[in-house]
Amino acid sequence: MNKEAYETLTEELKRSGARLIAVSKTKPAEDILQLYNAGQRLFGENTVQELTVKQQQLPKDIKWHLIGHLQTNKVKYIAPFVSMIHSVDSLKLLTEINKQAQKQNRVIDCLLQIHIACEESKYGLDPIVAEQLLNSEVYKALQHVRICGLMGIATNTDNEAQIESEFAGLQHLFADLKEKHFGDKDYFKELSMGMSSDYRLALKHGATMIRVGSMLFGDRNYNKV
Ligand SMILES: *Cc1c(COP(=O)(O)O)cnc(C)c1O
């Protein structure tokens, strides 16, 4: 764990008021505990498997965020404890989250993941589909999920102007949806965007949560997992 990077980042975030989701995917519990001992409480994982194992191993006051693609048949494993799901990309998934949250007698905070990158492979809703979701009667009847904002992943490129325009587009959509659908709901306030390589650009465009992994934990070695 890179303590210096953590401290620098924490200072930077104080100025913007944004929160850090420390992305600990592929990293062992010891690494997470080091960051925990430095004061970090919000952690993000991208698979249900890793999330559930680590939640059992690590201190119970950690707030766990799921940031990766979620299959409906796996929602039940994280519904008892997950703090926020950033990767909601269909009404079907949201309906399942609602069902599992109800079983746990709780409300689960969610973000709608919006497709902002120019890459085919990235998950996420098109803005028009997100709007259709929010207009649907099925969504309006869900009592056990709360949509707290939007999440996006920019194109993996060195072209900063492109990344910025993607973040700016998401910021604009956020403002638009807030006005049309969440005017009086102060919980709709989160804009989750920015990773190690582009978090500064995200902060410039109103990110309230940045998801940073390798800058804090070092490069990931997928072969080890
Ligand atoms: C891995 C991951 C991150 C963090 O990426 P880094 O480049 O390691 O900071 C952020 N968001 C999502 C959705 C991820 O899967």
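**Entry 1: a β-α-β unit**

I began with strand 2, helix 3 (residues 48-57) and strand 3, which make a right-handed β-α-β unit. I note that the model is predicted. I then looked up how the two strands of this unit are joined: strand 2 and strand 3 (residues 63-66) pair in the parallel sense, over 4 bridges. For L42, I found that the bridge partner in strand 3 is K63.

**Entry 2: the faces of strand 2**

I next asked which way the residues of strand 2 (residues 42-45) point. L42 and G44 point one way, F43 and E45 point the other way, and all are buried. I recalled the general rule that side chains in a regular strand alternate between the two faces of the sheet.

**Entry 3: from strand 1 to strand 2**

I turned to strand 1 (residues 19-23), which pairs with strand 2 in the parallel sense over 2 bridges. V23 stands opposite G44 in strand 2. I followed the chain from strand 1 through helix 2 (residues 29-37) to strand 2, and I record this β-α-β crossover as right-handed.

**Entry 4: the surroundings of strand 1**

Which other strand pairs with strand 1? I found strand 8 (residues 209-212), which pairs with strand 1 in the parallel sense over 4 bridges. Within strand 8, I identified I210 as the bridge partner of L20. I also asked why strand 1 can be called largely enclosed by the rest of the structure. The reason is that 4 of the 5 residues of strand 1 are buried, and a residue is taken as buried when its relative accessible area is under 20%.

**Entry 5: the nonpolar cores**

Finally, I looked up the largest nonpolar core, which has 63 residues. The residues with the most contacts inside this core are I85, I97, L112 and L150. Helix 8 (residues 160-181) supplies the largest share of the core, 6 residues. I chose I85 for a list of contacts, leaving out residues up to four places away in sequence. I85 touches L66, L70, I78, I97, I108, D109, C110 and L111. Apart from the largest core, I found another core, of 7 residues; among them are I21, L42, M84 and M151. I had already met L42 as the bridge partner of K63.

Methods
Residues numbered from 1 in each chain as written. Predicted model: local features only at pLDDT ≥ 70, side-chain atom pairs only at ≥ 80, totals over all residues. Heavy atoms only, no water. Buried < 20%, exposed > 50% of the residue type's maximum accessible area, 1.4 Å probe, protein only. Pairing = 2+ DSSP bridges. Right-handed = clockwise from strand over helix to strand, strands pointing away. Core = buried A, V, L, I, M, F, W, Y, C linked by side-chain atoms within 4.5 Å. Contact = heavy atoms within 4.5 Å.
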